[in-house]
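Dear colleague,

Please find below the structure that I am handing over to you. My notes on its metal sites follow directly after it.

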Amino acid sequence: MRSTERSRIDLHAHSSASDGVLGPSELVARAAGRGIQVLALTDHDTTAGIAEARQAARRHGVGLVPAIEMSTAAGGKPLHVVGLGIDPDAASLRRAIGRLRELRAERARGIGHRLERLGIAGAYEGACAEAGAAVPGRAHFARWLLGRGICADNAEIFSRLLGRGRPAYVATPWPELEDTVACIREAGGVAVLAHPMRYEFTASWLRRIAARFRECGGSAMEVVMANQPRRDTATAADIARRCGLKGSVGSDFHAPGAHAPELGVFGALPPDIEPVWESLPAASVLPGRTAAP
Ligand code: AMP
Ligand code: MN
Ligand code: MN
Ligand code: MN
């Protein structure tokens with residue numbers, strides 16, 4: 001069941017610069033129309049949409065947090081870390097993004113080969129077409145596969161083909177958690193452990209990862225997400241408290257859709273958890289201002 005609560009702050013959203021379907025200005029316009037006052041653009045492993053989003057945010061009077069969702073790994077398992085308030089031009093971040101782009105491009109070719117061996121030809125080219133200027137990711141493959149009627153929905157595509165350990169999954173040597181957090185901090189950002197309840201880690205593994213994340217300089221965890229069961233929010237809140245992490249909130253919006261996560265549609269952060277947005281540099285949030293000089 002979807003929460004009908006509305007938040008004026010949404011710190012996790014994608015544009016077509018990665019695997020979202022709306023362009024950066026369309027995304028900001030949608031956020032403004034839904035009463036969002038502060039929006040973080042968190043594209044996967046790229047900051048390419050930030051300049052356009054900033055301009056649109058200025059026009060709409062929305063606070064835009066320049067951000068990124070970085071692919072990383074801990075203990076051999078992939079996970080995502082959001083960097084909020086990063087300087088997109090920071091040298092460390094530019095280097096890391098270059099490396100992630102290579103890893104993603106190589107992985108996309110690998111996924112294409114695997115699908116071909118499974119009898120599905122043309123998937124790589126199809127995903128490239130879906131991706132446009134972005135590097136094709138799994139969501140682009142999923143969209144192309146859906147368009148071909150290969151599975152009934154996204155969930156089935158991931159559970160049958162693209163999900164971890166499935167036949168078209170390509171394991172990727174993402175940078176280690178410590179290096180990712182260091183890179184975000186060097187770029188002036190705040191590191192946030194993304195959607196902790198979505199990894200299907202055991203509770204003890206998740207607690208260990210959260211403690212390790214805190215120890216290496218991580219600041220917060222996404223406690224409240226769109227379409228997240230209450231029990232999961234309670235578990236994430238409990239881990240954040242134990243590990244001394246602040247709380248973040250976000251939809252992980254990718255595309256408009258009746259059942260898809262929607263911008264700002266999620267509950268409130270539990271009142272005893274410190275909101276991460278209160279410690280973001282004002283320059284990275286206020287409409288009409290930018291972190292750049
Ligand atoms: P990637 O970063 O290319 O590995 O792809 C991760 C993205 O794939 C996520 O951000 C979602 O957009 C999408 N994704 C992953 N798992 C699922 C799922 N089970 N159902 C729908 N989309 C998913
Ligand atoms: Mn995505
Ligand atoms: Mn993610
Ligand atoms: Mn995301």
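In this predicted model, the manganese ion (ligand 4) has four protein donors, namely His12 (NE2), His14 (NE2), Glu69 (OE) and Asp252 (OD), which lie 2.1 to 2.2 Å from the ion. Along the chain, these donors follow the spacing H-x1-H-x54-E-x182-D. Glu69 and Asp252 link distant parts of the chain: Glu69 belongs to strand S3 (residues 63-74), whereas Asp252 is found in the segment after strand S7 (246-250), 183 residues apart from Glu69.

Both of these acidic residues may be described by their accessibility. Glu69 has a relative accessible area of 1% and is therefore buried, since buried means under 20%. Asp252, with a relative accessible area of 7%, is buried as well.

Glu69 also takes part in a further site. The manganese ion (ligand 3) is coordinated by Glu69 (OE), His80 (ND1) and His195 (NE2), at 2.0 to 2.2 Å. The donor residues of this ion are spaced E-x10-H-x114-H in sequence. Because Glu69 lies in strand S3 and His80 in strand S4 (residues 77-84), this pair ties together parts that are 11 residues apart in sequence. Glu69 and His80 are both buried.

Finally, I note the position of these ions relative to another manganese ion, ligand 2. The manganese ion (ligand 4) is 4.7 Å from the manganese ion (ligand 2), and the distance between the manganese ion (ligand 3) and the manganese ion (ligand 2) is 5.8 Å.

Yours sincerely

Technical notes:
Residues numbered from 1 in each chain as written. Chains lettered and ligands numbered in written order. Predicted model: local features only at pLDDT ≥ 70, side-chain atom pairs only at ≥ 80, totals over all residues. Heavy atoms only, no water. Donors = N, O, S within 2.8 Å, 3.2 Å for Na, K, Ca; no water. Helix = DSSP H or I, 4+ residues; strand = E, 2+ residues; numbered from the N terminus. Buried < 20%, exposed > 50% of the residue type's maximum accessible area, 1.4 Å probe, protein only.
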